[in-house]
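Let's work through a few exercises on this structure together. Have a look at it first, then try each task before reading its solution.

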Amino acid sequence: MRDTANANCRELLDVLEAQGVRTIVASPGSRNTPVLIGASARDGFSTRMVNDERAAGFIALGIAMATQKPVALCCTSGTALYNYAPAVAEAYYQKIPLIVISADRPSQWIEQDDSQTLRQFEALSKIVKKSFDIPAEIGMTTPCRNKGYATEREWYVNRIANEAVLTATQAQPGPVHINIQFAEPLNETIDYRPSQPRTVSIIKSNNGLQIETLKEIWQYLATKRVMVVAGFMLPDDRLNRALMQFGKLRNVTILAETLSNLHLGDEAHMIDSVLAGMTDEDKENYRPDVVITIGGALVSRMIKEYLREYCGEHWTLGDTQLSIDCMQRLTTHIDITPALFFKGVANISRYMAKKGLKADHDYQRFWAELRKSSVRRNEAACASMPWSEYKALDMLFKKMPRGYNLFLSNGTSVRYGQLLIRRLPHACFSCRGVSGIDGTNATAAGIASSYDGTTLLITGDMSFSYYPEVLNPKNCTGDLRIVVVNNRGGGIFRFIRTTKDLEQREHYFCSDPELPVEGLARAYGRPYMKAADERTMHEALNFLWEMKNAVIEIEANPEISAEILDRVLRGPKA
């Protein structure tokens with residue numbers, strides 16, 4: 001195909017391609033014409049068109065989460081950029097590398113009462129790692145002393161493009177924003193000529209902690225009851241192996257949330273179930289001396305409240321910003337990747353054991369017994385409880401194939417996952433960076449598009465109502481199977497303390513979207529089945545496992561479901 005005649009755009013795209021960016025998610029527009037022309041001319045890019053910018057942002061987020069590679073987002077000028085904000089905020093707090101490219105009018109026309117001339121540069125400055133602005137070619141014709149570039153303009157764009165990719169992908173990854181100005185004409189083309197632009201690389205050096213430092217750390221921890229608490233993370237084999245070794249130490253217990261993507265054996269993830277079954281006496285007896293947190297923000301309100309009251313010291317590692325003190329107990333920050341830290345301490349502990357220094361506490365066994373008790377309690381409760389969302393999802397999670405990617409929408413779905421998932425599937429995702437519900441469908445679609453196997457989205461009807469177009473095959477390639485828990489609105493408001501007893505609850509908070517799930521599924525040609533009791537749930541699950549792109553809808557009395565969930569979360573009285 002013909003390439004764009006805009007030299008700035010060509011240089012930008014050439015560097016992105018050379019730096020390994022392979023996916024561009026774009027939306028139609030006029031001002032971003034040079035980018036769309038240029039992207040179509042380069043074989044290194046797979047360009048996906050999504051009409052709605054808000055959905056495009058979340059689809060790009062899902063692709064980047066699944067592939068763990070940077071994804072570019074491209075929109076036209078005007079308000080289009082601002083529609084990216086929810087997805088970019090989620091990427092910022094989940095540390096996902098998105099490269100936002102917004103086309104803009106030349107700077108001399110901004111705020112001159114002309115069409116789409118609002119401020120775009122730094123519009124996302126609070127939720128990106130860095131903002132860049134590439135002006136139009138006017139005034140950028142100074143000859144460059146480096147003879148590899150005809151003008152300083154070419155060198156400048158190359159430098160910006162390299163810095164943007166490296167900023168998005170290095171250290172703690174995250175989104176960046178490139179605002180590029182385009183003057184008329186926008187649609188001029190030239191013959192495409194392959195380019196080998198200058199690329200800048202970074203050589204990483206992280207040899208871990210010195211042996212003497214590791215000895216000091218273990219000499220201190222060996223006398224303590226140590227708890228590792230893991231929040232949301234992308235799958236990481238090195239960290240998983242390191243924690244498997246660290247978790248064998250008798251004074252260590254690991255509480256991993258469902259979204260941690262840590263495969264540490266059955267029941268390691270049922271944090272809320274364990275805590276819900278503990279009395280005040282248990283909480284005192286099993287309190288940790290040192291808590292080491294890794295990963296992102298925790299879903300579990302119970303673990304946060306427990307640790308704020310009962311933990312001794314709180315340590316964080318290099319994956320956490322120094323300013324974060326969620327437990328209000330922060331004493332130590334060690335600037336090292338979690339995988340290297342846990343591997344180093346586990347190795348040194350074996351060496352020190354030969355010298356006679358062994359852990360003083362049998363903390364691991366205490367918490368293992370608590371987990372076993374919580375499983376037995378949950379099994380007994382499920383056997384006797386009436387038909388409810390809790391019972392339906394317990395049936396689902398027990399039968400879910402190990403090879404699935406699981407996406408849990410925000411609200412009630414992710415909390416059921418915390419309570420009921422005993423063993424993780426292939427990977428587990430959610431939008432828990434900022435915990436919005438508006439992009440869960442689109443993010444799941446992005447993940448499904450980048451995974452060879454099946455992705456399962458579990459969502460409520462309220463979350464699902466934000467982007468039901470996910471059912472359109474054009475918007476979701478790959479095998480995305482969907483479970484909609486239709487609880488007639490925001491079911492979370494029926495059991496959280498703030499709203500559950502309000503007389504305005506149903507109209508003002510739950511706000512039933514009256515979503516025609518069956519009609520939408522059939523309109524887009526999706527296989528559909530409803531489950532309204534145990535018998536039909538068994539049938540629906542068999543249907544779900546067998547049918548590609550299937551949709552099942554779970555219906556249960558929302559009042560009964562909320563009462564059961566509230567009772568489970570309250571647990572036994574002290």
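The exercises below go from a pocket to helix pairs and then to two backbone details.

A word on the ground rules: this is a predicted model, in which local features need pLDDT of at least 70, side-chain atom pairs count only at pLDDT 80 or more, and totals for chains, interfaces and linings use all residues. Residues are numbered from 1 along each chain as its sequence is written, and side-chain values use heavy atoms, with hydrogens and water left out.

**Exercise 1.** Find the largest pocket and describe its lining.

Step 1: know what to look for. On a 1 Å grid over the protein atoms alone, a pocket is an open set of points where a 1.4 Å probe fits, with protein on both sides within 12 Å along at least five of seven lines, and lining residues have an atom within 4 Å of a point.

Step 2: go to the centre. Ala171, Gln172, Pro173, Asp236 and Thr337 lie nearest to it, out of 32 lining residues. The elements giving two or more residues to this lining are α4 (85–94), α7 (237–246) and α11 (338–354); helices here are DSSP runs (H or I, at least four residues) and strands are runs of E of at least two, numbered from the N terminus. The largest share, 3 residues, is α11's.

Step 3: sort by class. You should get 16 nonpolar, 10 polar and 6 charged residues in the lining. Here Ala, Val, Leu, Ile, Met, Phe, Trp, Tyr, Cys and Pro count as nonpolar, Asp, Glu, Lys and Arg as charged, and the others, Gly among them, as polar.

**Exercise 2.** Work out how α3 and α4 pack.

Step 1: take the axes, which are lines fitted to C-alpha atoms over the stretch in contact, with angles from 0 to 180 degrees between N-to-C directions. For α3 (residues 53–67) and α4 they come within 8 Å and cross at roughly 25°.

Step 2: name the arrangement. The two helices are therefore roughly parallel to each other (angles under 35 degrees count as roughly parallel, over 145 as roughly antiparallel, 65 to 115 as roughly perpendicular and the rest as oblique).

Step 3: list who touches whom, with contact meaning heavy atoms within 4.5 Å. From α3 come Gly57, Phe58, Leu61 and Met65, and from α4 Pro86, Ala87, Glu90, Ala91 and Gln94. That set divides into 6 nonpolar, 2 polar and 1 charged.

**Exercise 3.** Follow α13 (residues 389–399) to α19 and α14.

Step 1: start with α19 (residues 534–546), whose axis comes within 11 Å of that of α13, crossing at roughly 35°. Among the residues that meet are Met395 of α13 and Trp545 of α19.

Step 2: move on to α14 (residues 412–420), which packs against α13 at about 60° with the axes 10 Å apart. That makes α13 oblique to α14. The contact includes Tyr390 and Phe397 of α13, and Tyr416 and Leu420 of α14.

**Exercise 4.** Which peptide bond is cis, and what is the phi of lysine 95?

Step 1: check the bond from glutamate 184 to proline 185, which is cis with omega near -5°. Proline 185 sits in the loop between β7 (176–181) and β8 (189–190).

Step 2: turn to lysine 95, in the loop between α4 and β5 (98–104). Its phi is near 60°, a positive value in a residue other than glycine.
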